[in-house]
Amino acid sequence: MMVRKSIYLSVLLILSTLFLLTPSTANAQHRSSVSKVKEDSIPFFRGAAVGIDLIGPAMRRLAFYGQYEALLRVNLKDRYFPVIELGLGQADKTDETTETNYNTSAPYARVGCDFNMLKNKHDDYRFLVGGRVGYTSFKYDVLSPGIADPIWGTHSSYGSLGNKGSQLWAELVGSVDAKIIGPVRLGWSVRYKLRLAHKMGEVGEAWYVPGYGRGGSSQLGATFNVLLEL
């Protein structure tokens with residue numbers, strides 16, 4: 001009798017435990033289902049943003065080169081951000097020693113996509129990692145006052161106008177941006193640039209390439225964007 005009573009008590013204890021656990025399991029499944037539905041209900045198209053870079057114009061005013069750049073960025077599910085960047089790059093540099101002048105002004109374009117790396121994709125702050133492919137076709141002038149003839153006292157100037165150049169490059173981009181007020185956002189980006197292909201005129205390398213920066217195979221760059229996101 002004692003054994004049978006113990007069995008009855010054990011069965012009753014097991015059934016009671018299962019009965020108590022059932023609501024918790026159901027609630028957990030319900031929360032998981034609600035969370036999944038909530039996530040899946042987020043629209044694919046979340047809006048678009050337009051913006052301008054402030055570093056390029058500042059460089060153009062303070063240095064010998066710079067650019068004026070605007071961007072259009074699309075928001076897909078707060079995860080993916082395809083972007084187009086268009087700009088006008090300019091340079092006007094005269095060497096202090098040789099007095100050789102380099103001058104160019106031409107448009108450029110970049111296309112790419114950024115990815116939001118934060119776990120909470122819908123936060124006001126974003127940490128983005130992505131890439132760009134950039135291209136420009138431009139003309140540049142190289143002019144030198146030349147040298148003075150020691151006998152006749154005249155100057156023999158030389159140079160070349162309208163040299164044609166083009167360049168294709170890639171960029172690895174890391175950036176952060178944050179909502180400031182209403183639709184206004186501010187964002188920093190750091191870029192590692194790698195030249196993929198280029199073609200220059202007969203006078204040699206271009207001192208400055210619109211959208212890329214100073215000539216060379218690779219370099220670092222940065223932007224500071226003011227964005228209006230709708």
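A residue is called buried when its relative accessible area is under 20%, exposed when that area is over 50%, and partly exposed in between. With these cut-offs in hand, Glu99 can be classed as partly exposed, because its relative accessible area is 48%. The structure that this residue belongs to is a predicted model, and the paragraphs below go through its backbone, its salt bridges, its cavity and its nonpolar core.

Glu99 is a convenient place to begin, since it sits in the loop between β3 and β4 and has a phi near 60°, a positive value in a residue other than glycine. Most residues other than glycine have a negative phi. Asp78 also has a positive phi of about 60° without being a glycine, and this residue is placed in the loop between β2 and β3. Where Glu99 is partly exposed, Asp78 is buried, because its relative accessible area is 4%.

Asp78 leads on to the salt bridges, for its side chain meets that of Arg46 in one of them, with 3.0 Å from N to O. Arg46 belongs to strand β1, which covers residues 45-53, while Asp78 is in the loop between β2 and β3, so that the pair links distant parts of the chain, 32 residues apart. The two partners are not alike in their surroundings: Arg46 is partly exposed because its relative accessible area is 38%, whereas Asp78 counts as buried at 4%.

How many salt bridges are there in the model? The count comes to 14, and two further pairs deserve a closer look. In one of them, Glu85 is joined to Arg132, with the closest N and O atoms 3.2 Å apart; Glu85 lies in strand β3 and Arg132 in strand β5, distant parts of the chain that are 47 residues apart. Glu85 and Arg132 are both buried. In the other, Arg191 is joined to Glu171, and here the closest N and O atoms are 2.8 Å apart. Because Arg191 lies in strand β7 and Glu171 in strand β6, this pair ties together parts that are 20 residues apart in sequence, and both of its members are buried. These two pairs are also part of a wider arrangement, since Glu85, Arg132, Glu171 and Arg191 are linked with Glu69, Arg110 and Asp114 in a network of salt bridges.

Asp114, a member of that network, brings the reader to the cavity. The structure holds one cavity of 30 Å³ or more, and the largest cavity has a volume of about 130 Å³. It is lined by 18 residues, of which Arg73, Asp114, Ser175, Ser189 and Asn225 are the closest to its centre. Several strands contribute to this lining, and those that each supply at least two residues are β2 (65-76), β3 (80-94), β5 (125-148), β6 (155-181), β7 (184-199) and β10 (218-229). By type, the lining residues divide into seven nonpolar, five polar and six charged.

Strand β6, one of the contributors to the lining, also holds Gln167. This residue counts as buried because its relative accessibility is 1%. Leaving aside neighbours within four places in sequence, Gln167 is in contact with Gly134, Tyr135, Thr136, Arg195, Ala197, His198, Met200, Val209 and Tyr212.

Met200 and Val209, both in contact with Gln167, recur in the nonpolar core. In soluble globular proteins, nonpolar side chains tend to be buried together. The largest nonpolar core in this model has 13 residues, and those with the most contacts inside it are Tyr102, Phe138, Tyr140, Met200, Ala206 and Val209. Two or more residues of this core come from each of β4 (101-116), β5 and β8 (208-209), with β4 giving the most, namely three residues.

Within this core, is Ala206 buried or exposed? Ala206 counts as buried, because its relative accessibility is 4%, and its place is in the loop between β7 and β8. Not counting residues up to four places away in sequence, Ala206 touches Tyr102, Phe138, Tyr140, Met200 and Gly215. A comparison of sequence with space can be made here as well, as Ala206 and Asn163 are 43 residues apart in sequence and 9.2 Å apart in space, taken from C-alpha to C-alpha.

Conventions:
Residues numbered from 1 in each chain as written. Predicted model: local features only at pLDDT ≥ 70, side-chain atom pairs only at ≥ 80, totals over all residues. Heavy atoms only, no water. 1 Å grid on protein atoms, 1.4 Å probe; cavity = no way out; pocket = protein on both sides within 12 Å on 5 of 7 lines; lining within 4 Å. Points joined across faces, edges and corners; volume = space filled by probe spheres on them. Helix = DSSP H or I, 4+ residues; strand = E, 2+ residues; numbered from the N terminus. Nonpolar A, V, L, I, M, F, W, Y, C, P; charged D, E, K, R; others polar. Buried < 20%, exposed > 50% of the residue type's maximum accessible area, 1.4 Å probe, protein only. Contact = heavy atoms within 4.5 Å. Salt bridge = Lys/Arg side-chain N within 4 Å of Asp/Glu carboxyl O. Core = buried A, V, L, I, M, F, W, Y, C linked by side-chain atoms within 4.5 Å.
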